[in-house]
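User: I am new to this structure and would like a close look at one part of it. Could you walk me through a single helix pair and its surroundings?

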Amino acid sequence: MRTRAIIIKKQNTNEYDQFVTCYTQELGKLTAIAKSILKPTSVQSMHLDVLNLVEFELINGKAMPIIAGAQSENSYRDLKNSVPAFAVAHFFSEVIDKMVPEMEKDEELWDFVTDLFDKLNKFEPSLTFLRQKQFDLLGLLGYSPEVAITTSFDLNRLGFTMLDDAFEYNAGFRLKSLKFLHSVLLL
């Protein structure tokens, strides 16, 4: 099956393999294995970089799908060169990794993530931008039902730390990316 995905995180396994967690357009979040990606001769390694938008083939494996024929569509270079944009992207990647269940397709969440990364690739995020996107994502994930009917709100009245607390409460633990995000955006 051919699919598009945003690479969320990678973990080494075996000698040359990596587990790749990604959010796909067709299947939602999934973890697959990239065989031999850590070999110096691997062509796929640069395509399967964290925060890249890629297209690849999924092949059925014994325990999990295997990634084959990966091709990067967008490496979001400007996002990765901007520390504030990278911090925001890293935060949202961690939230998706920790709070989104595996194998549940959600077209709205796919559109949210790709739109967010496209915007972060074009400009440095403001605090208001971050908080609006946090608020939007909580609504998409179903943790804040009033988000669906609220089109505007006062961030100062809402409280800045309230959104961070909501993410950590619903994730069930501290999000490591929040400390990085706070240090970069000086919250």
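User: Is the crossing of α3 and α4 left-handed or right-handed?

Analyst: Happy to help! A word on the basis: this is a predicted model, where local features need pLDDT of at least 70, side-chain atom pairs count only at pLDDT 80 or more, and totals for chains, interfaces and linings use all residues. Residues are numbered from 1 along each chain as its sequence is written, and side-chain values use heavy atoms, leaving out hydrogens and water.

The crossing of α3 and α4 is left-handed (the near helix is turned anticlockwise from the far one by less than a right angle). Helices here are DSSP runs of H or I, at least four residues, and strands are runs of E, at least two, numbered from the N terminus. The axes of α3 and α4, lines fitted to C-alpha atoms over the stretch in contact, lie 10 Å apart at an angle of about 165° (angles run from 0 to 180 degrees between N-to-C directions). That makes α3 roughly antiparallel to α4, a term for angles over 145 degrees.

In this pair, Ala85, Val88, Ala89, Phe92, Ser93 and Ile96 of α3 meet Phe112, Val113, Leu116, Phe117 and Leu120 of α4; contact means heavy atoms within 4.5 Å. These residues comprise 10 nonpolar, 1 polar and no charged (Ala, Val, Leu, Ile, Met, Phe, Trp, Tyr, Cys and Pro count as nonpolar, Asp, Glu, Lys and Arg as charged, and the others, Gly among them, as polar).

Leucine 79 also touches this region: beyond its neighbours within four places in sequence, its contacts include Ala85, Ala89, Phe117 and Leu120.

Technical notes
Angles under 35 degrees count as roughly parallel, over 145 as roughly antiparallel, 65 to 115 as roughly perpendicular and the rest as oblique.
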